[in-house]
Structures are given as structure tokens and as C-alpha cells.
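This briefing covers the surroundings of a bound ligand. The topics are its polar contacts, its pocket and the parts of the chain that form its shell.

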Amino acid sequence: MDITKLDHFAQALIKEAGERIRSAFSYDLVVETKSNANDLVTNIDRETELFFIEKITAQHPTHRIFGEEGMGKPVTFLEGVVWIIDPIDGTMNFVKQHRHFMITIGIFIDGVGKLGYIYDVMRDDLFYAIAGVGAWYNDSPLRKLQPVKLEEAVIGINANWVTPNDKINHEKLISLIRKVRGTRSYGSAAMEIAFVVTGKLDAYLSMRLSPWDIGGGTIIATEVGAVATNLNGEYFDFLNQDTFLIGNPAIHKEILEKYIEQL
Ligand code: IPD
Ligand code: CA
Ligand code: CA
């Protein structure tokens, strides 16, 4: 497998898909709901996933595609080459704000992340990594994260998890929020991960994410020394939904041990 060639192919596809999405604002979006009234999908989410499936399959017929919208064949194992794709991460932002949404892709070979991409479509900004080689923000190499103290950290968290819920002890999360310097919520898991790997956030956590939300991001994370696990401190399950914490290595363990209590 020529990884450099595969990287060039993936980057070209992502840029082309981004161009198509940007031009989609000139015609009507069809917005539907999925699992609940706030779980949105549009015709563009589906068309973009289909675009990737058709282009990848034409060039690499043996590669399998695990996409959020399920437009391809089901994926139940990670052997061989698997592209884990979220065609639009941050669909609510896409619909409401027309910005702050990402295309994100992780390319796994035999279950090991090799190429990771987070593309901010409206800014035309690409965060990407080649495992074992490095990570970049457009043409600039990303540096290893510098240590940060928890009291000086800015963390990404959705306010939902700080209200009473049946998944996590929200009182402990409130004490985390009081401890850190600030919190942010951007509405796109991939965007929050892009901010962690560039040091604009120091951690991001969620009680429920899917493989396509974080597949690309975790590959970039490894290259800059960020730690990404589920909330048990274990490897994220790339075939199912799981909890998630990505953070600067200086604070990841402290957050897990002192502030996370799953119910
Ligand atoms: C969602 C976004 C959001 C996160 C949700 C995801 P989608 O992805 O990443 O920030 O909180 O859990 O499902 O549906 O916009 O692709
Ligand atoms: Ca998503
Ligand atoms: Ca999506």
C-alpha cells in the first residue's frame, strides 16, 4: 500500500467534496430528522457520502467504507482498508449557521489508523496526519502539545452533560468546570478534536460519539501526543458508539480519575 499516494487521493477527494458542499447553498437543503427531533440529516449529508463511496470504490474496489449515513454496505469488522467517514460533522451548524461543520475521515488498515483528516469546509482548512510521519494544518506541521495545568485549561463540553442525566455524575463535571479556566462548545466533535490537536482547546469529552465522529481525529491526535480514550481509559470502540475523552497528556488522566464518574 502506497500511503503517500492514498493520502493525495484522499485529500483531493475531500477538497472536491468541500467544493460541492459550498456550492450546495445555492439550492434548497432538504432537512430531515433521524433518531430524535434534534438529530438532523440533509440531502447534502447523503449526497456527500455517496460521492465518497463512488469515487473510492472506482479507484480502490477492495476498500470498504463505514459512513454515518449508511449509504454503503454494512461494516462489521475492520480487516483490510476501511474508510470511516462523516460526510458532514456538525449538521446542525451546517443547517443553522452555514459554517462550523467538517468533513472528517479516518483510513484504517487492519484496524490501525493510518491517515486522518478533518476539513473545515467553509474555511477551506485541512487538519491531517499520516501515522508515524506527522500531522499538519494546511502546509504547516503541527507541533507536539506542550504541558498545561488543569486550572489553566480550556475544555470542550456540551452543556447537556452538566445537567442531571443517566450517564454521568453531573456534579463532578460541575466541579471540573469550576476548576478549569473556561469551557467551549462548538457543535462538531471533529472541530473540537481539531482544536485539541492544535492546542486551542486542552480537552474535549462526550458521553456518546460514533466511530465517524472521531476516526480521523484520533489519528491526528496520536501524532501530536494528545491522548484519546473512552471514559474507562480504554481504546475507543471503532465499530460502535462509545464515550470519549481527548486531551493534552498532562491533564487527560487527572480528568478521568478525579472528575468522571459514569452512572
Ligand atoms: C454530531 C456532532 C456533535 C456531537 C454529536 C454528533 P453530526 O455529529 O459532532 O457535536 O455532540 O454527538 O453526533 O450528527 O453533526 O454528524
Ligand atoms: Ca458526526
Ligand atoms: Ca454527520
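In this predicted model, an oxygen atom of ligand 1 is placed 3.2 Å from a polar backbone atom of G187. With the protein present, 75% of the 380 Å² of accessible area that ligand 1 has on its own is covered. Ligand 1 takes up the space of the largest pocket.

**Polar contacts**
- The side chain of D89 has an N or O atom 2.7 Å from an oxygen atom of ligand 1.
- G90 also has a contact at 2.7 Å, here between one of its polar backbone atoms and an oxygen atom of ligand 1.
- For G187, the partner of the ligand oxygen is likewise a polar backbone atom, at 3.2 Å.

**Composition of the shell**
- The residues around ligand 1 are E68, D86, I88, D89, G90, T91, G187, S188, A189, R208, L209 and D213.
- By class, five residues of this shell are charged, four are polar and three are nonpolar.

**Secondary structure and domains**
- Two elements, β4 (81-89) and β12 (203-209), each give two or more residues to the shell around ligand 1.
- β4 supplies three residues, the largest share of the shell.
- Ligand 1 lies between domain 1 (3-141) and domain 2 (150-259), because both domains give residues to its shell.

How values were computed: Residues numbered from 1 in each chain as written. Chains lettered and ligands numbered in written order. Predicted model: local features only at pLDDT ≥ 70, side-chain atom pairs only at ≥ 80, totals over all residues. Heavy atoms only, no water. Near = heavy atom within 4 Å. Polar contact = N/O pair within 3.5 Å; in protein donor to acceptor, adjacent residues only side chain to side chain. Areas by Shrake-Rupley, 256 points an atom, 1.4 Å probe, with all protein chains shown as cover. 1 Å grid on protein atoms, 1.4 Å probe; cavity = no way out; pocket = protein on both sides within 12 Å on 5 of 7 lines; lining within 4 Å. Sits in = over half its atoms within 2 Å of the grid points. Helix = DSSP H or I, 4+ residues; strand = E, 2+ residues; numbered from the N terminus. Nonpolar A, V, L, I, M, F, W, Y, C, P; charged D, E, K, R; others polar. Domains from an automatic or database assignment.
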